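I sat down with this one and a fresh notebook page. Here is what I looked up, in the order I got to it.

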Amino acid sequence: MTVKEAISELTLLQKKMHALGHATGMIYLDSVTTAPVGTAEGRGETMGILSSMGYELFANPATEKLLKFLREHEDELTEQQKREVVVLTREYERTSKIPQDEYVAFRVLVNEAQSVWHKAKDQDDFPAFAPYIEKIVATLKKFAAYYKPDEEPYNVWLDQYERGLTMSTLDEFFAVLKETIVPLIHRIKNEGRQIDDSFLHGHFPIEKQREFSDYLMEVMAIDRSHCGIGETEHPFTIDFNKRDVRITTKYHEDNLVSSMFSVIHEGGHALYELGKGDELMYTCLDSGISMGIHESQSRFFENIVGRSEAFVNLIYPKVQELFPEQLGNIDAHQFYLAINKSEPSLIRIDADELTYCLHVMVRYEIEKMLFSGDVDVYELPDMWGRLMKEYLGVDVPNDKSGVLQDSHWSGGSFGYFPSYAIGTAYAAQITHRMEQDLNIDSEIASGNLKGIVNWLEEHIYKYGSMYDPADLFFRCCGEKFDPKYFTDYLTKKFTKIYDLNQG
Ligand code: ZN
């Protein structure tokens, strides 16, 4: 085999993997947006076949041989090809270490767990779901031992979502957050002004909200010929390649801002995928590098842009035009205060910017204990209640609004939650760096977010998966990650919003 032949084999392999991913992704998107309820059976059959085709295509000795050959001829490869080999080798080492039957059994387990979780949540029946958590954690611990026998299993899964992330980094990170956020919450409760947000919960016809979504995507400079929007239960973004990205939202007639922030958040994910370099198309590098970096992009648009006064001033004339009866008598500043109202609550996805990370911290503490065996699965509801009381000061009335609220565990995603908090904190530091080049408020005031999007494209998007998250972050910010930027940002913002004494 010549190097040239090996490279064209590598290219073809990646194109085939992309095609399978495209097909399964499209089937998934259809299943959670427009597919009728009775269509799951055939889809399950197809997904099963496609997923074993994917396994067989990739996790076979020919791939190993090809990657080994290319590593031996590294000097003859371009930077991008070298990186493709690195990323695929890591992927190969992970996938091939798990016996195929165990891999398939795990897919079956989480499939079942997801439908059991749905039902358990509806019926507030934690004991029905508990055995699945137990089995999933046991399997993940076993898989972690296949990947890296000498590493703590939970660290192995953290690393899977955010390469390099460990419990010791996170313990320190969350301690810093807690130190700032908990006292701030107390001060807001005791000394803060009252903020009225009742007008956000009027009646907002869905047809008008759809128009509003179109307007928001236009302001965000999202190219609609390459990015569609659909409706679903739990909003998400999916990309097939940089020229075909889809976002989803959920409309609530009695709540204007729920979908508004879903569109802005998912729009942030979409911009990242739309802005990757052309040269990465159909390769394993044609996607955002990690959950944490991805979340930094969505949370940047959602919080730092979307919840800023400059952004409210820009969009508010349109908001009033669409909802004259509901918001005609409310001015932009009142709207700005209302969307930033902070109040400890039970549900993570409805949490405000200040309390959000504490919700993540509850899940992180519990996941750590599950993996170390320090908590029994059946004790989780009590543990959840205790932590929610300690961090947020709220009482959890039932498991539905407690330990059963998120879908992640049923899908086998342990170690995923921390990337939400890490990404949120990354966003504050990226903002600090961006401000050295741009005046963010004047960019927003100019009428759309093109200038900001261009900056992000240049510093983050275009690289796709060319660099590991910590390297990309350093390239972008010129320094290592420091949560201080985030805690300073929160302190400054909420001191002002709640008119707290700055002493
Ligand atoms: Zn997100």
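How do the axes of helix 3 and helix 4 cross, and within what distance do they come? I found that the axes of helix 3 (residues 61-72) and helix 4 (residues 79-97) come within 10 Å and cross at roughly 145 degrees. Axes here are lines fitted to C-alpha atoms, for helices over the stretch in contact, with angles from 0 to 180 degrees between N-to-C directions. Helices (H or I, at least four residues) and strands (E, at least two) are DSSP runs, numbered from the N terminus.

Before going on, I noted that this is a predicted model, where local features need pLDDT of at least 70, side-chain atom pairs count only at pLDDT 80 or more, and totals for chains, interfaces and linings use all residues. Residues are numbered from 1 along each chain as its sequence is written, and side-chain values use heavy atoms, with hydrogens and water left out.

Back to the helix pair: I listed the residues in contact (heavy atoms within 4.5 Å). P61, T63, E64, L67, L70 and R71 of helix 3 meet V85, L88, T89 and Y92 of helix 4.

Next, the zinc ion. Its protein donors are H265 (NE2), H269 (NE2) and E295, which appears twice through OE, at 2.1 to 2.8 Å. Donors are N, O and S atoms within 2.8 Å of the metal (3.2 Å for Na, K and Ca); water is not among the atoms, so sites may look incomplete. Along the chain, I read the donor spacing as H-x3-H-x25-E. H269 sits in helix 10 (residues 256-274) and E295 in helix 11 (residues 291-305), so the pair ties together parts 26 residues apart in sequence. I checked both H269 and E295, and they are buried, meaning under 20% relative accessible area (exposed is over 50%, partly exposed in between; 1.4 Å probe, protein chains only).

Then I turned to the sheet. It is an open one of 3 strands in the order 1-3-2, with mixed pairing. Two strands pair if DSSP finds at least two bridges between them. Strand 1 (227-231) and strand 2 are at the edges with a single partner strand each, so one side of each has no neighbour in the sheet. Helix 1 (residues 3-33) packs on the sheet and touches strand 1, strand 2 and strand 3.

Strand 2 (residues 237-241) and strand 3 (residues 244-249) pair antiparallel over 4 bridges, and a hairpin of 2 residues joins them.

Last stop: G464, in the loop between helix 19 (450-459) and helix 20 (469-477). I found G464 buried, at 0% relative accessible area.
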